[in-house]
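This report introduces a protein structure to a reader who has not met it before. Please look at the sequence and the model before reading on.

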Amino acid sequence: MKQIPMRLLLRITSIFSIFALILLCSCRELEPENGPGSVNWEDRTVKSATLDSLMSGETYLSVYSQIYSSKEKRTHNLTATVSVRNTNNLDSVYIEKVEYYNTAGKLIKSFINQPVFISPMETIEIVLSEDVLKGGTGANFLFYWKKKDRTPEPFFEALMISTSGQQGISFTTQGRQIK
């Protein structure tokens with residue numbers, strides 16, 4: 001039996017180690033800088049009294065945590081990204097309350113306790129993870145907001161997405177002002 005020279009053995013070990021390190025680094029999932037749901041509501045708060053002279057409104061937004069597939073008993077879970085956009089390039093808009101309801105109309109969560117601002121041309125997001133199914137197939141949001149008289153109302157949109165194997169599902173919904 002022939003022995004492998006130590007020098008060759010060290011070289012093979014080094015190459016294998018480098019290959020393993022490259023493989024491990026390429027398989028690691030990178031964390032986003034601002035993770036899902038990373039809005040720091042406390043940093044955005046404003047005093048209610050400063051909003052007294054502003055116009056108010058309410059917007060309804062449908063969101064789907066699940067959708068039916070092929071039959072009523074089979075569903076696909078979805079991740080939903082809810083975007084709240086200030087389309088004005090001069091003035092902030094203000095969100096007074098954000099309520100999330102499930103299919104049965106039961107309040108699941110209130111996202112803010114006091115009014116917050118959205119800067120000009122800014123977008124804030126609420127991410128509902130695919131594994132959180134509390135909303136069901138007919139979840140929805142109510143947004144209570146305020147703005148200056150000639151400022152456009154905030155724009156509300158939801159993007160729902162799911163992937164499984166080589167199949168992907170995605171669609172959007174847009175908010176509808178109800179008051």
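The following paragraphs describe a sheet, a nonpolar core and one loop residue.

The model is a predicted one. Within it, four strands form an open sheet in the order β8-β4-β10-β11, and their pairing is antiparallel. β8 and β11 (167–174) are the edge strands, since each pairs on one side only. From one strand to the next, the twist averages 15°. Between β4 and β10, which run antiparallel, there are 7 bridges. Ser83 stands opposite Glu157 of β10.

The largest nonpolar core comprises 27 residues, and those touching the most other members are Val63, Ile95, Phe141 and Phe143. Several strands each supply at least two residues of this core; they are listed below with their residue ranges.

| Strand | Residue range |
|---|---|
| β1 | residues 55–63 |
| β4 | residues 79–85 |
| β5 | residues 93–101 |
| β7 | residues 116–118 |
| β8 | residues 123–128 |
| β9 | residues 139–147 |
| β10 | residues 155–164 |

Apart from neighbours within four places in sequence, Val63 is in contact with Ala80, Val82, Leu128, Gly138, Ala139, Asn140, Phe141, Ala158 and Met160.

The last topic is a loop residue. Thr151 is placed in the loop between β9 and β10. Is Thr151 buried or exposed? Thr151 counts as buried because its relative accessible area is 3%, and the limit for burial is under 20%. Its side chain makes a polar contact of 3.3 Å with the side chain of Asp91. When neighbours within four places in sequence are set aside, Thr151 is in contact with Asn88, Asp91 and Val93.

Terms used
Residues numbered from 1 in each chain as written. Predicted model: local features only at pLDDT ≥ 70, side-chain atom pairs only at ≥ 80, totals over all residues. Heavy atoms only, no water. Core = buried A, V, L, I, M, F, W, Y, C linked by side-chain atoms within 4.5 Å. Buried < 20%, exposed > 50% of the residue type's maximum accessible area, 1.4 Å probe, protein only. Contact = heavy atoms within 4.5 Å. Polar contact = N/O pair within 3.5 Å; in protein donor to acceptor, adjacent residues only side chain to side chain. Pairing = 2+ DSSP bridges. Axes fitted to C-alpha atoms, helices over the stretch in contact; angles between N-to-C directions.
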